[in-house]
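Biologist: I would like to go through this protein slowly, one question at a time, with the reasoning spelled out. Could you show it to me before we start?

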Amino acid sequence: MGVNSVTLVGRAGRDPEVRYFESGSVVANLTLAVNRRSRDDEPDWFNLEIWGKQAQVAADYVRKGSLLGIIGSFKLDRWTDRTSGEERTKPVVRVDRLELLGSKRDAEQGAYGEGGAYGGGEPSSEEVPF
């Protein structure tokens with residue numbers, strides 16, 4: 001028997017990218033920055049994939065900088081690059097449970113005031129607010 005369980009607490013690196021399908025399914029994708037024990041270390045970044053009702057919660061309430069707790073499982077997305085023909089992979093955490101951990105005030109103001117704390121993509125260590 002194997003175990004594939006991931007538990008993380010961190011901050012959203014960007015607003016969720018949400019897709020709605022004709023079937024009624026919904027998926028949200030975002031990144032999560034998780035600090036290491038030492039403040040001098042750069043955070044670890046995780047790609048999250050959230051489906052169903054929890055994806056809609058993410059779409060409605062998660063913003064760049066939001067404090068989140070997740071429980072999920074690790075998977076490896078595989079595809080063939082259209083331009084080079086090479087096989088590519090990307091590690092992803094498929095979220096089974098999403099917890100919004102920030103305060104109501106954080107949600108109303110954006111986690112770090114107007115405009116949030118991060119720019120696009122993965123921020124450098126100077127941009128990370130924690």
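Biologist: In which sense do β1 and β3 pair, and over how many bridges?
Modeller: This is a predicted model, and what I say about the pairing is computed from its atoms. One pair of residues that shows how the strands are placed is A12, which stands opposite L32 in β3. Taken together, β1 and β3 run in the antiparallel sense, and the number of bridges over which they pair is 2.

Biologist: Strand β1 also pairs with β5, so which residue of β5 is the bridge partner of V9?
Modeller: Strand β5 covers residues 67–80, and its pairing with β1 is antiparallel, extending over 6 bridges. Within that pairing, the residue in β5 that partners V9 is G69.

Biologist: How many of the 7 residues of β1 are buried?
Modeller: A residue is called buried when its relative accessible area is under 20%. Strand β1, which spans residues 6–12, is mostly covered by that standard, and the number of its buried residues is 5.

Biologist: Which residue in the hairpin of β2 and β3 takes a positive phi?
Modeller: Strand β2 (residues 17–20) and strand β3 (residues 26–34) run antiparallel and are joined by 4 bridges, with R19 standing opposite V27 in β3. Between the two strands of this hairpin there are 5 residues, and the one with a positive phi, near 100°, is G24.

Biologist: How do the elements of the protein run from the N terminus on?
Modeller: The secondary structure comes to 2 helices and 6 strands. Read from the N terminus on, the order of these elements is β-β-β-β-α-β-β-α.

Biologist: Why can the buried residues of helix α1 be said to line one face?
Modeller: Helix α1 covers residues 53–61, and its buried residues are A55, A58 and A59. When one looks down the axis of α1, these buried residues fall within a limited arc, so they line one face of the helix. On the other side of α1, K53 and Y61 are exposed. The arc that holds the buried residues of α1 is 100°.

Biologist: Which strands are included in what covers the buried residues of α1?
Modeller: The cover is judged by contact, that is, by heavy atoms within 4.5 Å. What covers the buried residues of α1 includes two strands already described as a hairpin, together with β4 (44–51) and β6 (87–100), so the strands to name are β2, β3, β4 and β6.

Biologist: Is the pair of F21 and W51 stacked or edge-to-face?
Modeller: The structure holds 1 aromatic pair. The ring centres of F21 and W51 are 6.0 Å apart and the planes meet at 15°, and since planes under 30 degrees apart count as stacked, the angle decides the matter. The pair links distant parts of the chain, as F21 lies in the loop between β2 and β3 while W51 lies in strand β4, 30 residues apart. The word for this pair is therefore stacked.

Biologist: Does F21 count as buried, partly exposed or exposed?
Modeller: Partly exposed residues are those between the limits of 20% and 50% relative accessible area. The value for F21 is 35%, and that for its ring partner W51 is 33%, which also makes W51 partly exposed. For F21, then, the answer is partly exposed.

Biologist: With which residue does E49 form a salt bridge, where the closest N and O atoms are 3.0 Å apart?
Modeller: E49 lies in strand β4 and its partner lies in strand β5, so the pair ties together parts that are 26 residues apart in sequence. E49 counts as buried, at 8% relative accessibility, whereas the partner counts as partly exposed, at 28%. The partner of E49 in this salt bridge is K75.

Biologist: How far apart, N to O, are the side chains of R78 and E87 in their salt bridge?
Modeller: Both residues are exposed, R78 at 56% relative accessibility and E87 with a relative accessible area of 55%. Elsewhere, salt bridges that share partners join E49, K75 and D77 into one network. For R78 and E87, the N to O distance is 3.7 Å.

Technical notes
Residues are numbered from 1 along each chain as its sequence is written. This is a predicted model: local features need pLDDT of at least 70, side-chain atom pairs count only at pLDDT 80 or more; totals for chains, interfaces and linings use all residues. Side-chain values use heavy atoms; hydrogens and water are left out. Two strands pair if DSSP finds at least two bridges between them. Buried means under 20% relative accessible area, exposed over 50%, partly exposed in between (1.4 Å probe, protein chains only). The arc is that of the directions from the helix axis to the C-beta atoms. Rings of Phe, Tyr and Trp (its six-membered ring) pair if their centres lie within 6.5 Å; planes under 30 degrees apart count as stacked, over 60 as edge-to-face and the rest as tilted. A salt bridge is a side-chain nitrogen of Lys or Arg within 4 Å of a carboxyl oxygen of Asp or Glu.
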